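Dear colleague,

Here is the structure I said I would pass on. My notes on it follow below.

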Amino acid sequence: MPAPLSITFLGGLGEIGRNCAAIECEGRVVLIDCGLMFPDDDMLGVDLVLPDFSWLRGRADAIDGVILTHGHEDHVGALPYFLREFSAPLYGSELTLGLARGRIEEAGLLSSTSLNVVRDGERRRIGPFDCEFLPVTHSVPHGFATALHTPQGTILHTGDFKLDLTPVDGRLTDLSRVGGMSSTDGIRLLLSDSTNAEEHGHADSERSVGAVLYSLFHENEGRRIITTCFASHIHRIQQIAESAVAFGRVIAPLGRSMRRNITMAREMGVLDLPASSLIDIEEVDSFQPGQVCVVSTGSQGEPMSALALLGGNENRWLKVGPEDTVILSSHPIPGNEGAVSRVIDNLVRLGAEVVHSGIADVHASGHAKSEDLKLFLSVARPEWFVPVHGEYRHLVAHSRLAMKMGVASDRAVLAEDGDQLVLDDEGLRMRGRVPAEYVYVHGTVGDVSSGTLGERRILGQEGVVTAIVCVDLSAATLVAGPEVATRGWVEREESAEIVAAVADRVRRNLTAALGDGERNRSALERVVRKSAGSAVSELTRRRPMIVPVVIEA
Ligand SMILES: [Zn+2]
Ligand SMILES: [Zn+2]
């Protein structure tokens with residue numbers, strides 16, 4: 001009987017981000033992606049969210065490789081944290097590894113990490129698996145779907161993909177190979193991108209954006225044009241550059257990742273941009289407005305990004321004004337709408353014309369929509385199906401599409417972060433759960449627990465009240481205090497009276513507790529906390545954090 005294998009989801013099923021799946025066979029493990037998630041507004045002070053690697057810690061010596069489907073942060077961004085703990089060779093396209101490389105280098109882990117370039121259609125043995133890399137179209141070039149040919153049949157993981165029939169580089173999603181696998185040995189299990197499963201119709205071709213950009217460049221002749229998009233969206237940058245060159249403009253990259261990625265993509269031959277059309281942002285003033293096109297980072301409204309700084313008039317080389325047209329060739333990812341809106345507002349305040357995806361078709365999604373997903377399912381005809389990459393509702397929508405396309409309802413399996421599935425001769429079934437908590441990064445890893453986040457929320461919304469007392473336990477007396485101090489609770493003018501009332505309540509209850517024979521310090525602290533808390537809430541109807549401190553004399 002062929003060996004069973006297990007699939008463990010460490011992230012990406014239930015949120016957009018921190019994609020990471022582990023496939024295990026005969027005690028050997030291969031990871032697919034190792035991504036991060038950007039925090040929500042309520043994750044105060046959190047820089048990043050990582051997959052939970054707890055389950056991997058017991059298997060550190062068994063990890064034979066990490067397959068990187070493409071170069072987006074939600075697929076490669078956790079690598080510097082992963083590689084601090086584990087050592088495993090990385091596999092991906094040259095561009096994917098190039099995009100991942102910067103962060104690995106920054107973390108000082110480049111020399112200890114083996115980066116292995118795989119090419120379109122290539123097959124490679126990674127650990128126990130015969131892996132095949134199929135080209136897919138997406139919003140970053142050179143993404144892969146991965147077919148793992150295993151003792152339990154072929155498992156196809158799509159990575160992020162769309163079905164762009166006219167991609168900028170002519171490199172199509174390899175549907176014919178998917179059809180080939182499906183019509184020969186069959187696809188035992190399909191794991192497929194669910195991001196846009198709720199969206200009707202087909203995803204627009206990236207080329208459609210090029211046509212819109214061209215007409216915007218035409219309409220804005222004579223004006224300076226400042227564009228922004230994801231720095232990894234090389235095909236978007238290509239199309240911006242083509243319009244710019246067509247209208248006799250030079251291109252000035254702005255923002256560190258934009259400069260770095262443009263340099264790298266040109267070196268790899270992924271971006272066709274003549275050196276004569278490229279200038280440094282420092283030179284921008286020596287050109288007439290109508291001769292310049294700036295390509296900037298900051299399309300998601302990130303506070304310290306180049307575009308946000310332009311909006312705040314804080315860029316050394318470039319001041320935005322009424323002669324500028326700013327094109328946001330992007331769409332805010334959920335959670336970033338407010339930040340993007342504020343940046344647009346600032347740019348408009350400076351007098352600029354702003355074009356964004358709400359008023360013109362200056363962006364096309366990189367993810368297959370429902371009709372594309374149905375088409376893909378009709379070609380793949382998988383025996384078993386698990387939707388991946390999406391919030392829970394996207395996963396549910398995608399599994400419904402699969403059932404519509406002929407996957408039996410008990411063979412479209414809904415899994416979430418932490419679920420472990422097993423595939424054997426009997427089929428696919430749930431084996432159990434592994435830890436899959438959000439791992440918050442603030443400064444250095446492992447810094448922030450969900451308890452700490454809860455405290456930050458209380459501090460942020462209600463403030464803090466501390467009550468300090470000094471007691472002589474043997475004499476059962478209050479020696480000093482209560483000293484009540486507050487921050488972020490009530491305005492200073494109002495506070496004196498309330499603070500006095502709180503101190504009074506603490507003094508009475510503490511004296512009573514000491515009189516009753518209580519000598520335990522933590523019990524006394526509880527008395528202080530309770531009395532201060534109840535006084536505060538009665539007097540102000542608020543619930544700040546109460547910090548009781550009992551010092552022994
Ligand atoms: Zn992606
Ligand atoms: Zn993704």
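Helices α6 and α7 cross in a right-handed sense. This is a predicted model, and the same caveat goes for everything below. Helix α6 covers residues 206-219 and helix α7 residues 234-246; their axes are 9 Å apart and make an angle of about 30°. Since angles under 35 degrees count as roughly parallel, the two helices α6 and α7 are therefore roughly parallel to each other. On the α6 side the contact is made by E206, V209, G210, L213, Y214 and F217. On the α7 side H235, R236, Q239, I240, E242, S243, A244 and A246 take part.

Next, the domains. The domain assignment splits the protein into domain 1 (5-201 + 365-443), domain 2 (206-355) and domain 3 (450-552). Between the C-alpha centres of domain 1 and domain 3 there are 51 Å. The contact between these two domains involves 4 residues of domain 1 and 4 residues of domain 3.

Then the nonpolar cores. The largest one has 140 residues, and A21, I23, L31, V49, I67, L189 and V294 have the most contacts inside it. Both domain 1 and domain 2 give residues to this core, so it lies between them. Apart from it there is another core, of 19 residues, including V465, V471, V484 and M545.

One residue of the largest core in detail: leaving aside residues up to four places away in sequence, L189 touches I155, P382, E383, W384, V386, L423 and L428.

Regards

How values were computed:
Residues are numbered from 1 along each chain as its sequence is written. Chains are lettered from A and ligands numbered from 1 in the order in which they are written. This is a predicted model: local features need pLDDT of at least 70, side-chain atom pairs count only at pLDDT 80 or more; totals for chains, interfaces and linings use all residues. A nonpolar core is a set of buried Ala, Val, Leu, Ile, Met, Phe, Trp, Tyr and Cys residues joined through C-beta atoms within 7 Å. A residue is buried if 20 or more other C-beta atoms lie within 10 Å of its own, exposed if 12 or fewer, and partly exposed in between; C-beta atoms are placed from the backbone. Domain bounds come from an automatic or database domain assignment. Two residues are in contact if their C-beta atoms, placed from the backbone, lie within 7 Å. Axes are lines fitted to C-alpha atoms, for helices over the stretch in contact, and angles run from 0 to 180 degrees between N-to-C directions. Helices (H or I, at least four residues) and strands (E, at least two) are DSSP runs, numbered from the N terminus. Angles under 35 degrees count as roughly parallel, over 145 as roughly antiparallel, 65 to 115 as roughly perpendicular and the rest as oblique. A crossing is left-handed if the near helix is turned anticlockwise from the far one by less than a right angle, and right-handed if clockwise.
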